[in-house]
Amino acid sequence: MKFEYPKLIYSKINIDNRGYLQEIYKRKNFKSNFKFSILVSSKKNVFRGFHFQYKHQQSKLVTIVKGKILDYVIDLRKNSKTFGK
């Protein structure tokens, strides 16, 4: 079964002799009202907690600067056809 979200967005990296520029967020790519951004650095094999918002749901934008990530998304909406997946 396919989810509408998460949505993977690949952005172009513009490189020149000064370094690089990459657009991380463009409002047109999201249906939500993006409110804030947080930068976190974690050591290898760190597991961060699941986050659940019921009354004030949030979208999550994850950007990997260096290394890799294993990100889990679980649908907890009881009336959804993807509930529990």
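These legends go with a few views of a predicted model, from the whole chain down to single residues.

**View 1. The whole protein, with two strands and zero helices.** Don't look for a helix here: the secondary structure consists of two strands. With 85 residues in the protein, just 4% count as buried. For the contact-map crowd, take contacts with a separation of 6 or more: 37% of them pair residues 24 or more positions apart. The accessible surface adds up to about 9300 Å², and carbon and sulfur atoms hold 54% of that.

**View 2. A nonpolar patch on the surface.** Phe47, Phe50, Phe52 and Tyr54 sit in this patch together with Leu70, Tyr72, Ile74, Leu76 and Phe83. Pooled, these residues offer about 1100 Å² of accessible area.

**View 3. Phenylalanine 83, a member of the nonpolar patch.** Along the chain, phenylalanine 83 falls in the segment after strand 2, the strand that spans 19-22. Its relative accessible area is 42%. Since partly exposed covers the range between under 20% and over 50%, phenylalanine 83 gets the label partly exposed.

**View 4. Lysine 85 and its distance to valine 73.** Lysine 85 also belongs to the segment after strand 2. How exposed is lysine 85? Relative accessibility comes out at 48%, so lysine 85 counts as partly exposed. If you want a distance to check in your viewer, try C-alpha to C-alpha: lysine 85 and valine 73 are 8.1 Å apart in space and 12 residues apart along the chain.

Key
Residues numbered from 1 in each chain as written. Predicted model: local features only at pLDDT ≥ 70, side-chain atom pairs only at ≥ 80, totals over all residues. Heavy atoms only, no water. Helix = DSSP H or I, 4+ residues; strand = E, 2+ residues; numbered from the N terminus. Buried < 20%, exposed > 50% of the residue type's maximum accessible area, 1.4 Å probe, protein only. Contact = heavy atoms within 4.5 Å. Areas by Shrake-Rupley, 256 points an atom, 1.4 Å probe, with all protein chains shown as cover. Patch = residues over 30% accessible without salt bridge, like charges linked within 9 Å, V, L, I, M, F, W, Y side chains within 5 Å. Salt bridge = Lys/Arg side-chain N within 4 Å of Asp/Glu carboxyl O.
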